[in-house]
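Me: Please take me through one part of this structure closely. I would like to see what pairs with what, and then what lies around it.

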Amino acid sequence: MSATTSDYAFMAQALRLAEKGLYTTSPNPRVGCVIVNRGQIVGEGWHEKAGKAHAEVIALQMAGEAAKGATAYVTLEPCSHFGKTPPCVDALIAAGVKRVVAAMQDPNPLVSGRGVDKLRAVGVEVVVGVLGDEALKLNLGFNMRMTTGRPWIRTKIAASLDGKTALANGISQWITGEDARRDGHRLRARSCAMLTGIGTVLQDDPQLTVRMIDSPRQPIRVVVDNRLDTPPTARILNGGGTIIATISTDEQKAQRLRDAGAEIVHLPEEGGKVNLAALAQELGKRGFNEVTAEGGGKLNAALIHAGLIDEIILYQAPMLLGDTARGLFALPEMQSLSEKIELRISDVRLIGRDLRIIAHTNS
């Protein structure tokens with residue numbers, strides 16, 4: 001049976017519920033559920049964080065006996081395996097739900113489709129794909145980690161209208177206005193980790209914490225530091241939860257940074273530098289779904305050359321900084337337009353006085 005108009009309306013509500021877990025669910029996906037009987041919502045739920053009840057269980061508890069014969073709208077295929085909580089498929093079957101509408105299948109190749117199969121095996125009607133694109137956008141990181149082993153990686157850049165991120169002397173605060181900076185802190189809040197390079201640490205001494213909005217958690221900070229040049233007094237080490245990725249074997253430097261609260265992670269080298277693909281896999285193993293890079297042109301170029309940038313969030317301020325100012329990507333000179341890196345723009349809007357452009361790569 002195909003989806004109906006009301007299916008889309010109820011799934012939209014389930015997606016709104018799922019979005020409530022934007023800052024809290026990792027490493028789990030953001031999931032919402034709506035239980036509908038005779039055209040009326042009788043139960044709602046959303047997953048808050050790992051270890052807590054899944055969206056379906058919360059919605060079923062609210063619905064009670066009204067779940068019998070009802071339709072369940074879920075933004076992700078109900079789980080069919082035991083994790084920290086029992087399978088949601090079993091709970092839906094036990095409650096007597098007669099129809100399940102899922103926005104998308106679980107991207108985990110070990111479980112994808114099994115929940116749907118189990119429901120259909122006992123006579124539950126299942127429809128998959130209602131507002132699937134919207135559900136995928138909400139869980140880009142979870143989908144990426146489940147299918148590739150690495151997180152969804154975005155780079156956030158603040159630049160002038162002529163594409164410059166800082167003056168030649170490194171001064172960059174503040175290019176964009178307060179509204180754009182607050183929007184950038186929302187990106188930090190939804191990120192499992194913030195990624196930067198040693199050049200940014202030495203030049204700007206950033207904190208890379210969420211400060212301009214309320215957030216129930218702080219992202220892990222990750223520094224790409226080939227030679228362990230991060231000063232033990234760097235603000236990025238404040239509060240702990242900082243990973244320094246390196247190829248250095250200098251144990252004296254490493255111990256000083258450990259004493260300052262950092263975790264040192266030794267990774268394979270590539271061309272005398274940290275292998276960024278290995279770093280991405282390491283972050284995936286730690287359950288990181290989304291990583292936001294805030295670094296300079298060298299890190300941005302290295303990430304894009306490694307095929308590791310999935311999304312570019314560019315805030316452009318209405319100002320000009322001139323040819324000698326620093327650019328967005330420290331890419332080598334191209335001799336032909338065939339060498340260009342093509343992007344796909346998915347959103348353009350004003351954030352306060354600044355223009356925000358969201359573009360995706362083809363990686």
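Reply: The answer below starts with one strand and then moves outward.

This is a predicted model, in which local features need pLDDT of at least 70, side-chain atom pairs count only at pLDDT 80 or more, and totals for chains, interfaces and linings use all residues. Residues are numbered from 1 along each chain as its sequence is written, and side-chain values use heavy atoms, with hydrogens and water left out.

Start at strand β9, residues 220-224. Helices (H or I, at least four residues) and strands (E, at least two) are DSSP runs, numbered from the N terminus. Four of the five residues of β9 are buried, so the strand is largely enclosed by the rest of the structure. Buried means under 20% relative accessible area, exposed means over 50%, and partly exposed is in between (1.4 Å probe, protein chains only).

Now look at the partners of β9. Two strands pair if DSSP finds at least two bridges between them. Strand β8, residues 193-197, runs parallel to β9 and is joined to it by five bridges. Find L195: V222 in β9 stands opposite. To get from β8 to β9, the chain passes through helix α8, residues 198-204, and this β-α-β crossover is right-handed. That means that, with the strands pointing away from the viewer, the path from the first strand over the helix to the second runs clockwise.

β9 also pairs with strand β10, residues 242-246. That pairing is parallel too, over four bridges. Here V223 has I244 of β10 as its bridge partner.

Pause in the loop between α8 and β9, where D205 is found. D205 is not a glycine, yet its phi is positive, about 50°. With a relative accessible area of 27%, D205 is partly exposed. Another such case is L131, in the loop between β5 (125-128) and α5 (132-138). L131 is not a glycine either, and its positive phi is about 55°. At 18% relative accessibility, L131 counts as buried.

Next comes helix α10, residues 276-285. At its start, a side-chain oxygen of N275 reaches to within 3.0 Å of the backbone nitrogen of A277. This is a polar contact: a pair of N or O atoms within 3.5 Å; within protein, one must be able to donate a hydrogen and the other to accept it, and residues adjacent in sequence count only if both atoms are side-chain atoms. The buried residues of α10 are L276, L279, A280, L283 and G284. They cover an arc of only 140° around the axis, so they sit on the same side of α10. The arc is that of the directions from the helix axis to the C-beta atoms. Just after α10, G287 has a positive phi of about 85°.

Finally, turn to T155 in strand β6, residues 152-160. T155 is buried, at 1% relative accessible area. The T155 side chain reaches the backbone oxygen of A293 at 3.5 Å. Contact means heavy atoms within 4.5 Å. Not counting residues up to four places away in sequence, T155 touches A293, N300, I309, E311, I312 and I313.
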